[in-house]
Amino acid sequence: MRFRLSLFLTFTLLICSCENKESNDGLTGYDGWAIFWNDIPIKEKRMFSLFLAPKYRLDCAVQDCYDKWKKEGKDTTKFVVDFAEIAPFEWDTLCYFWYSSPADENTSKMLIEYAKEHNMKYDLEAIHLLKDGKIVYHIDLLMWSDEEKGSLFCTNKDMIKRARNDAKFHVQKKKQFFIFRDMTEEYVPSWRYVDEDEE
């Protein structure tokens, strides 16, 4: 049983890797999992949930966009991610937020109202894609370890709200991270996980 599970995990990770362009369909892609998902016993599904997480899908979609940008010979220092392209399903508003504490005096009124409206817990950094004010996709961005990688927002704002046609972010690749920056904000140094001097 252990060998079968190990073999299954190895095979499934191969078909779901970020390099698998054929199954990529943005945030809803990497659905090679769907072929096997119904065959996995319910108690085993929790073990694989990490690989199905929206954060993982975001990281893979951004990696694919970066690779395409680079392959087309574009300047990678001007790399921009458009969520309308990587999230090809129905939504009208993107909200990025970091709700660190309900009692923090620096928390913006907009975020406090948003947290109440959506019954949000604090200590949450996430992206919500909304349709008519309702959350249709949630990406938890909070990192718990120095071993983390992938998408990382670098902003002094506790909330960024954008319409679908304006949900674009400048992204810098640095080490194992894709650092998202708000294009309407002055440059914010990478103060988490990545030193500015590191390549």
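This passage walks through the sheet, the nonpolar cores and the aromatic pairs of a predicted model.

The sheet makes a handy starting point. Four strands line up in the order β4-β3-β2-β6, forming an open sheet with antiparallel pairing. At the edges stand β4 (134-140) and β6 (159-163), and each has just a single partner strand, so one side of each is left without a neighbour in the sheet. On average, and ignoring direction, neighbouring strands of this sheet are turned by 20 degrees against each other.

Strand β2 (residues 93-99) pairs with β3 (residues 124-131) through seven bridges, and the two run antiparallel. Along this pairing, W98 sits opposite E125 of β3, while T93 has L130 of β3 as its bridge partner. Five bridges join β2 to β6, again in an antiparallel arrangement, and here Y96 finds its bridge partner in I160 of β6. How much of β2 is buried? Six of its seven residues are, so this strand is largely enclosed by the rest of the structure.

Two helices meet these strands. Helix α6 (residues 109-117) lies across β2, β3, β4 and β6, and runs at about 100 degrees to β2. Helix α4 packs on the sheet too, where it touches β3 and β4, and its direction makes about 80 degrees with that of β4.

Next comes the nonpolar interior. The largest nonpolar core has 26 residues, and V62, F83, I127 and F180 are the ones that touch the most other members. Elements giving two or more residues to this core are α4, α5, β2, β3, β4, β7 and β8. Of these, α4 gives the most, with five residues. Another core lies apart from this one; it has eleven residues, including C95, F97, Y114 and A115.

V62 is a good residue to click on in the big picture of the core. It is found in helix α4, which spans residues 54-71. Is V62 buried or exposed? Its relative accessible area is 0%, so V62 counts as buried. Setting aside residues up to four places away in sequence, V62 touches F79, V81, I86, S151, V171, F178 and F180. As for F83, its C-alpha is 9.6 Å from that of V62, with their positions 21 residues apart in sequence.

I127 has its own list of partners. Leaving out neighbours within four places in sequence, I127 is in contact with L58, F83, L94, C95, Y96, Y137, H138, I139, L141 and F153. F83 appears in that list, and F83 is also among the residues that touch the most other members of the largest core.

Aromatic rings add another layer. A search of the whole structure turns up eleven aromatic pairs. One of them is formed by F83 and F180, a tilted pair with 6.1 Å from centre to centre and 45 degrees between the planes. F83 belongs to helix α5 (residues 83-86) and F180 to strand β8 (residues 177-182), so the pair ties together parts that are 97 residues apart in sequence. Both F83 and F180 are buried.

F153 and F169 make a pair as well. Their ring centres are 5.3 Å apart and their planes are at 75 degrees, so this pair is edge-to-face. It links distant parts of the chain, with F153 in strand β5 (residues 150-153) and F169 in strand β7 (residues 168-174), 16 residues apart. Are these two rings' residues buried or exposed? F153 counts as buried because its relative accessibility is 3%, and F169 counts as buried because its value is 0%. Taken further, ring pairs link F83, Y96, F153, F169 and F180 into a cluster. Y96, as described above, is bridged to I160 in the sheet.

Finally, two lysines lie over ring faces. K74 lies over the face of W69, at 4.5 Å from the ring centre. K173 does likewise over the face of F178, at 5.0 Å from the ring centre. F178 is also one of the residues that V62 touches.

Notes. Residues are numbered from 1 along each chain as its sequence is written. This is a predicted model: local features need pLDDT of at least 70, side-chain atom pairs count only at pLDDT 80 or more; totals for chains, interfaces and linings use all residues. Side-chain values use heavy atoms; hydrogens and water are left out. Buried means under 20% relative accessible area, exposed over 50%, partly exposed in between (1.4 Å probe, protein chains only). Contact means heavy atoms within 4.5 Å. Rings of Phe, Tyr and Trp (its six-membered ring) pair if their centres lie within 6.5 Å; planes under 30 degrees apart count as stacked, over 60 as edge-to-face and the rest as tilted. A charge sits over a ring if NZ of Lys or CZ of Arg is within 6 Å of the ring centre and within 35 degrees of the ring normal. Two strands pair if DSSP finds at least two bridges between them. Axes are lines fitted to C-alpha atoms, for helices over the stretch in contact, and angles run from 0 to 180 degrees between N-to-C directions. A nonpolar core is a set of buried Ala, Val, Leu, Ile, Met, Phe, Trp, Tyr and Cys residues joined through side-chain atoms within 4.5 Å.
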